[in-house]
Amino acid sequence: MPVDDSCLSGFYRLDPEARRALLTHLSPEALEALSSGGGLDEASADRMIENVVGSLALPVGIATHFIIDGKQWLIPFAVEESSIIAAASNIAKRAASCGGFSTSCDEPLMIGQIQVLDVPSIPEATSVIQAEEASLIEFLNDIPSTMIQLGGGCKRIECRQVEDMLILHLIVDVRDAMGANAVNTMAERIAPRIEALTGGRVLLRILSNLASERLARASVRLSPDAIGGEDVIAGIIDAARFAEADPYRAATHNKGIMNAISAIGLACGQDWRAIEAGAHAWAAISGQYSSLSTWSIDDEGWLCGSIELPLAVGIVGGASKVHPVARACLEILGVDSAQQLAGIMAAAGLAQNLGAMRALVTFDNNSKLHSTRISWIWPEIDEEGPLIWNLYRTQLTVSSVNFMAPLRTGLSGEAGEDAWFNETESGLRESIHLEQYYYYVLIPIDVVGNSDYLVRPGNSRGIVVHDQYWSYHFPPPEPPPPPPPDVPYYGPSPWYGRLLDDFGMGRFQQAGMVFIAVFLTNLMLVPMMINKYRVKKRKVRREKARKAKRDGTMSTDEFADDFDDFFD
Ligand code: NAD
């Protein structure tokens with residue numbers, strides 16, 4: 001069962017508990033197994049192998065962003081090496097932008113070998129076996145077995161001559177099992193009949209781990225933009241050519257592929273030795289050990305990669321059935337057949353291969369593109385005697401760095417003094433790498449060399465290495481000037497401060513000028529208008545007085561009052 005969203009954005013920044021909380025499709029048993037620190041109790045461990053004295057836990061992480069056959073998958077990896085999951089997720093994200101990976105798998109056919117010695121005539125024995133093939137197959141499949149009921153069982157018997165030996169291959173469909181036990185049982189059961197039919201002596205009767213009838217294939221196609229440009233594609237093609245032609249390079253190239261395939265196999269309780277043996281034998285099938293993958297450029301200039309290898313994996317039987325963490329990892333994946341599991345492993349192997357090649361071809365010793373810097377202030381520590389400090393870097397969220405190698409030892413400084421540490425990417429695997437998350441941890445050591453090596457929030461710091469190409473090669477563009485602060489000026493008093501602020505505003509100044517102009521105009525016009533009104537008024541009164549005098553209706557006193565007004 002694939003998931004709705006394999007991106008889980010920001011997943012790497014969370015702590016393990018918060019990450020588990022996002023795996024909402026898991027059963028309570030699976031979540032408990034994942035959080036149990038290894039998941040295997042001593043009694044179960046003691047039943048699995050001999051002479052048990054303990055068990056070994058490995059970190060289980062999830063590769064994100066995978067789109068395979070149009071569906072989204074979260075892929076569990078169990079592995080002790082850092083950067084593997086980050087690199088696989090990074091390529092999965094790039095591939096997702098171009099449609100993701102496609103897979104196809106053969107039927108789950110395993111090969112059981114029967115070695116027949118001292119055969120009087122190998123050609124005659126071969127003819128007899130071929131003539132009896134149907135009855136031999138019927139005999140082999142005539143047992144009560146779920147595998148056979150589900151359509152599995154022996155399908156063919158083939159004869160080969162190797163030196164003076166007759167070698168029989170039982171081709172057995174093992175359905176969703178890895179199939180080793182089922183095939184071994186069949187080979188043992190048929191041995192007496194083979195001796196009788198061939199006149200020879202059967203020595204070995206056992207599964208072949210070169211599961212050449214059970215190939216898984218995956219392919220991917222990425223645009224130049226998705227992978228980092230045409231130069232990167234050209235570099236990858238040259239790197240792939242090197243691996244195809246040279247076994248020394250091919251061994252490391254294929255190891256990169258198996259970084260994913262074995263890690264998924266281990267997480268899901270698979271027999272990873274069987275997977276490794278099959279993969280490397282297939283890589284040498286032509287007579288020269290070579291690359292498991294092929295890379296080319298298509299007509300549109302896109303990078304095309306494909307991988308083909310035998311993958312004998314199962315989702316029933318083996319450790320996938322008994323180990324609680326393996327069961328939880330199969331639940332994370334949610335595959336419903338062994339073939340689907342094989343396809344996903346092949347796709348993850350191809351992604352890992354591309355991630356490793358991309359990192360190798362894009363790394364430039366002179367560029368020093370990516371770096372980290374941490375700084376701190378030496379603390380006041382209430383301890384007897386001086387302390388020295390060791391600096392550690394980890395990509396995992398760990399509670400202690402006890403078993404890790406420090407980056408720097410013997411650091412010290414006065415309380416309150418600044419200190420810092422810069423690190424720049426190099427070609428070495430142990431160096432920091434782009435788009436990865438690191439924790440730097442400072443651990444105090446006392447004069448006799450004691451320390452608790454514990455990682456606490458106060459002594460650790462997480463850093464993501466971002467792409468610094470542009471800031472390294474070109475000065476960054478000048479940032480636009482910041483807008484004037486929208487903070488009121490509180491000078492001598494808030495009122496006065498605001499007034500001063502307002503004086504600085506253009507609109508306020510314009511409004512002030514208009515106000516002053518109106519005020520001055522009024523100052524001149526208003527007295528003139530008042531004066532004009534009074535003159536007019538006198539004229540009217542005088543006119544009225546003259547008229548009254550002419551008519552003889554006005555007294556001399558009233559006429560004199562008029563002259564009072566006149567001489568005001
Ligand atoms: P197994 O012995 O548990 O067999 C699978 C069982 O599951 C069978 O009984 C089968 O009938 C049953 N079954 C139920 N549902 C099934 C389904 N849908 N499809 C198929 N079978 C189904 O497991 P196995 O796969 O035969 O053997 C795997 C184990 O053998 C691994 O642990 C491996 O390490 C070990 N082994 C490996 C080698 C080798 O690689 N050379 C040799 C010996 C043993």
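Visitor: What makes the pair between the backbone of D176 and a nitrogen atom of the ligand a polar contact?

Guide: In this predicted model, a backbone N or O atom of D176 lies 3.0 Å from that ligand nitrogen. A polar contact needs N or O atoms within 3.5 Å, so the pair qualifies.

Visitor: Why is the pair between the side chain of N181 and an oxygen atom of the ligand called a polar contact too?

Guide: Here an N or O atom of the N181 side chain is 2.9 Å from the ligand oxygen. The cut-off is 3.5 Å, so this pair also counts.

Visitor: And what makes the pair of A182 and the ligand count?

Guide: A backbone N or O atom of A182 and an oxygen atom of the ligand are 3.3 Å apart, which is within 3.5 Å, so the name fits.

Visitor: How much of the ligand does the protein bury?

Guide: The ligand alone exposes 870 Å², and 70% of that is buried by the protein.

Visitor: Which elements give two or more residues to the shell around the ligand?

Guide: They are α6 (146-149) and α7 (180-198). The largest share, four residues, comes from α7.

Visitor: What classes of residue make up that shell?

Guide: Ten are nonpolar, eight polar and three charged. Of the 21 residues around the ligand, those that come nearest are D176, G179, N181, N209 and D271.

Visitor: How confident is the predictor in the chain?

Guide: The mean pLDDT is 89, with 91% of residues at 70 or more. Over residues 470-476, though, the pLDDT is below 50, and this stretch has five contacts beyond near neighbours in sequence.

Notes
Residues numbered from 1 in each chain as written. Predicted model: local features only at pLDDT ≥ 70, side-chain atom pairs only at ≥ 80, totals over all residues. Heavy atoms only, no water. pLDDT = per-residue confidence, 0-100. Contact = heavy atoms within 4.5 Å. Near = heavy atom within 4 Å. Polar contact = N/O pair within 3.5 Å; in protein donor to acceptor, adjacent residues only side chain to side chain. Areas by Shrake-Rupley, 256 points an atom, 1.4 Å probe, with all protein chains shown as cover. Nonpolar A, V, L, I, M, F, W, Y, C, P; charged D, E, K, R; others polar.
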